[in-house]
Amino acid sequence: MKKSFIADSVLVSNYISGDEKSLEVLIKRHKQRIYSFIYSKVYDRDLTEDIFQDTFIKVIRTLKIGNYNEEGKFISWVMRISHNLVIDHFRKNSRMPKFENSHDFDIFSVLKNTDIDIENKMIKDQILNEVKKIIEFLPDDQKEVLIYRYYNDLSFKEISEKTGVSINTSLGRMRYALINLRNIIKKKNIVLTN
Amino acid sequence: MEKNYFFQEEISLEPKRKTINFILNYSKSIKVLKSKTESYIIDLN
């Protein structure tokens, strides 16, 4: 009998509703891709196991607490979490990964991983979309300064001329815009690092 | 037997079974408590 394919979004929804088996299906479906992705960054099996585990602990907590938005693909979201954990690891250890010359052949040292490039682009696009959505929560005067500065690349002098307020007021609005953005990101538990 | 210098041990790039079991057990061991304003996770282990 042919097994029917259940979409990730359905499995996620079933899991949130209490079906633990759905999590197992999701892990089995994506384990290789996520594991390879982490390994390609850290080149260490034990560390990869740890980061893989921490990734899914974060996934579980976010799903169970109800903070997951089914806007992007589940796999992209999980990859982003694992990517952030890899970055956290290197930040904690204050070093970047380096290729250790050993007798083992390392495929990642000679092959360009296009899957990861595509993944990174998807992550970047998703982050940009999320930032645009968050900006919409800002008060109009702060939103205006931020868009002029970051999207239209105007100087604060030009912004003050356009908006009819002083440069100091524009700078102040930008400061509050950034503070508010940080607060929204923290409150909504959004991970934006690429 | 002739030594094959091009032989590479095949490495399976996937997590160990015990890592997956740990994740699945973790998922079963936590409980979410929801108040009107916030949700909390309680680890039952």
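Student: What average pLDDT does chain B reach?
Tutor: This is a predicted model, in which local features need pLDDT of at least 70 and side-chain atom pairs count only at pLDDT 80 or more, while totals for chains, interfaces and linings use all residues. Residues are numbered from 1 along each chain as its sequence is written, chains being lettered from A and ligands numbered from 1 in the order in which they are written. With pLDDT defined as the predictor's confidence in each residue, from 0 to 100, 67% of the residues of chain B score at least 70, and the chain averages 75.

Student: Which element of chain B has the lowest confidence?
Tutor: Helices (H or I, at least four residues) and strands (E, at least two) are DSSP runs, numbered from the N terminus. In chain B, confidence is highest in helix H1 (residues 17-29), at 94, and lowest, at a mean of 71, in strand S2 (residues 39-43).

Student: How many helices does chain A have?
Tutor: Read along the sequence, chain A follows the pattern α-α-α-α-α-α-α-α. There are zero strands, and the number of helices is eight.

Student: How many charged residues are on the side of chain A that touches chain B?
Tutor: Two residues are in contact if their C-beta atoms, placed from the backbone, lie within 7 Å, and the contact takes 20 residues from chain A and 17 residues from chain B. Helix H2 (20-42) and helix H3 (45-65) of chain A each supply at least two residues of the side of chain A that touches chain B. Ala, Val, Leu, Ile, Met, Phe, Trp, Tyr, Cys and Pro count as nonpolar, Asp, Glu, Lys and Arg as charged, and the others, Gly among them, as polar. On that side of chain A, 10 residues are nonpolar and four are polar, while the charged ones number six.

Student: Which element gives the largest share of the largest nonpolar core?
Tutor: A nonpolar core is a set of buried Ala, Val, Leu, Ile, Met, Phe, Trp, Tyr and Cys residues joined through C-beta atoms within 7 Å; a residue is buried if 20 or more other C-beta atoms, placed from the backbone, lie within 10 Å of its own, exposed if 12 or fewer, and partly exposed in between. Of the 21 residues in the largest such core, Ile34(A), Ile38(A), Phe52(A) and Val78(A) touch the most other members. The elements that give two or more residues to this core are H2, H3 and helix H4 (74-92) of chain A. The largest share, eight residues, is that of H2(A).

Student: Which residues of chain B is Phe52(A) in contact with, leaving aside its neighbours within four places in sequence?
Tutor: With those neighbours set aside, Phe52(A) is in contact with Ile34(A), Tyr35(A) and Ile38(A) in its own chain. In chain B, its contacts are Pro15(B) and Thr19(B).

Student: On which residue is the kink in H2(A) centred?
Tutor: The bend at a residue is the angle between axes fitted to the seven residues ending there and the seven starting there. Among the buried residues of H2(A) are Ile27(A) and Ile34(A). The kink in this helix is about 55 degrees, and its centre is His30(A).

Student: Is Asp153(A) buried or exposed?
Tutor: Asp153(A) is found in the loop between helix H6 (140-151) and helix H7 (156-163) of chain A, and it has a positive phi of about 60 degrees although it is not a glycine. Because 8 other C-beta atoms lie within 10 Å, Asp153(A) is exposed.
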